[in-house]
Amino acid sequence: MMLDPCITSICYLRASNKLTPNKSCFMLTIHQEGSAKKTTMDTKKPLWTCPKCKKKFVTRNLWHSCGRFTVAQFFAGKSLRVRKLYREFVKFVRQCGPIIIDPAKTRISFQARVRFAGVAKAGKDSITAGFWLKRRIHSPRFTKVEFIPPNNHVYQFLITDTKDLDEETLSWIKEAYEVGTQEHLRKV
Ligand SMILES: [Zn+2]
């Protein structure tokens, strides 16, 4: 039996209120939400900009790596085909609304108010894309699903062709974008 990948996240969230580096690009936000508990998060408040790296966050002084990376660095040595898939994916995601692109060493995140989707990996002929929802959905296309309590689900799927950017994908990304704009907190 494979170890559920969410186990580390559960332990991590329960073990500490302090943030430490974590693989998932959504962990910072999920953690913030978790620690906000039942107090209503102000979803209209302007984002805080880190004075060092200029990255934007919903709360001040949130732990993050302050690394400065570029999309070009992320795709260094990768094929033109893979870069084109990335560009198409960005265009596709922008159908939902404005996004901030936040490249890190091992991933690229797309952010509305918070990070809601991104690219987890650039392969030889494909990119591994990810997105965050507040509910569990099912598709044979998912290559990885991470559950982070109480109701966070992080999905990964492969984009090997622009055909993979279809209606189904758009429905996922649209819903994830609402998580990114913190729409779900507003409705509560
Ligand atoms: Zn910073």
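Select strand β5 to begin: seven of its eight residues are buried, so the strand is largely enclosed by the rest of the structure. Here a residue counts as buried if 20 or more other C-beta atoms lie within 10 Å of its own, as exposed if 12 or fewer do, and as partly exposed in between, with the C-beta atoms placed from the backbone. Helices (H or I, at least four residues) and strands (E, at least two) are DSSP runs, numbered from the N terminus.

The model on screen is a predicted one, in which local features need pLDDT of at least 70 and side-chain atom pairs count only at pLDDT 80 or more, while totals for chains, interfaces and linings use all residues. Residues are numbered from 1 along each chain as its sequence is written.

**From β5 to its neighbours**

Add β4 (residues 108-111) to the selection; it pairs with β5 (residues 115-122) in the antiparallel sense over four bridges, where pairing requires that DSSP finds at least two bridges between two strands. A hairpin of three residues joins β4 to β5, and within this pair F110 stands opposite A117 of β5.

On the way to β6, a second hairpin leads out of β5 through four residues, and these two strands pair in the antiparallel sense over five bridges. Pick G118 and you will find G130 of β6 opposite; pick K121, and its bridge partner in β6 is T128. Strand β6 is itself largely enclosed by the rest of the structure, because six of its seven residues are buried.

T128 also leads onward, since it stands opposite L158 in β8; β6 and β8 run antiparallel and are joined by seven bridges.

**A stop at A129**

Centre the view on A129, which belongs to strand β6. This residue is buried, with 28 other C-beta atoms within 10 Å. Leaving aside residues up to four places away in sequence, A129 touches F89, A117, V119, Q156, F157 and I159, where a contact means that the C-beta atoms of two residues, placed from the backbone, lie within 7 Å. If you draw a distance between the C-alpha atoms of A129 and F89, it should read 8.8 Å, although the two residues are 40 apart along the chain.

**The whole sheet**

Now show six strands together: they form an open sheet in the order β3-β4-β5-β6-β8-β7, with antiparallel pairing. At its edges stand β3 (100-103) and β7 (142-148), each with a single partner strand, so one side of each is left without a neighbour in the sheet. From one strand to the next the twist averages 20°, the axes being lines fitted to C-alpha atoms (for helices over the stretch in contact) and the angles running from 0 to 180 degrees between N-to-C directions.

**The helices on the sheet**

Select helix α4 (residues 80-94), which packs on the sheet and touches β3, β4, β5, β6 (127-133) and β8 (152-159), its direction making about 25° with that of β6.

Helix α5 (residues 167-180) lies across β4, β5 and β6 and runs at about 55° to β6. At 1.5 Å a residue its 14 residues should span 20 Å, which agrees with the 20 Å between its end C-alpha atoms; the expected span is 1.5 Å times one less than the number of residues. Colour the buried residues of α5, which are T169, I173, E175, A176, Y177, V179 and G180. Just after this helix, Q182 takes a positive phi of about 65°.

**The nonpolar core**

Show F116, A117, I127, F131, W132 and A176 as spheres: these have the most contacts inside the largest nonpolar core, which has 31 residues. Such a core is a set of buried Ala, Val, Leu, Ile, Met, Phe, Trp, Tyr and Cys residues joined through C-beta atoms within 7 Å. The elements that give two or more residues to this core are α4, β4, β5, β6, β8 and α5.

**Zooming out**

With the entire chain in view, there are six helices and eight strands, and 29% of the 188 residues count as buried. Finally, colour by pLDDT, the predictor's confidence in each residue from 0 to 100: the chain averages 83, and 79% of the residues score at least 70. Over residues 1-23 pLDDT stays under 50, and the model has 18 contacts beyond four places in sequence for that stretch. Where pLDDT is low, the predicted coordinates should not be read in detail.
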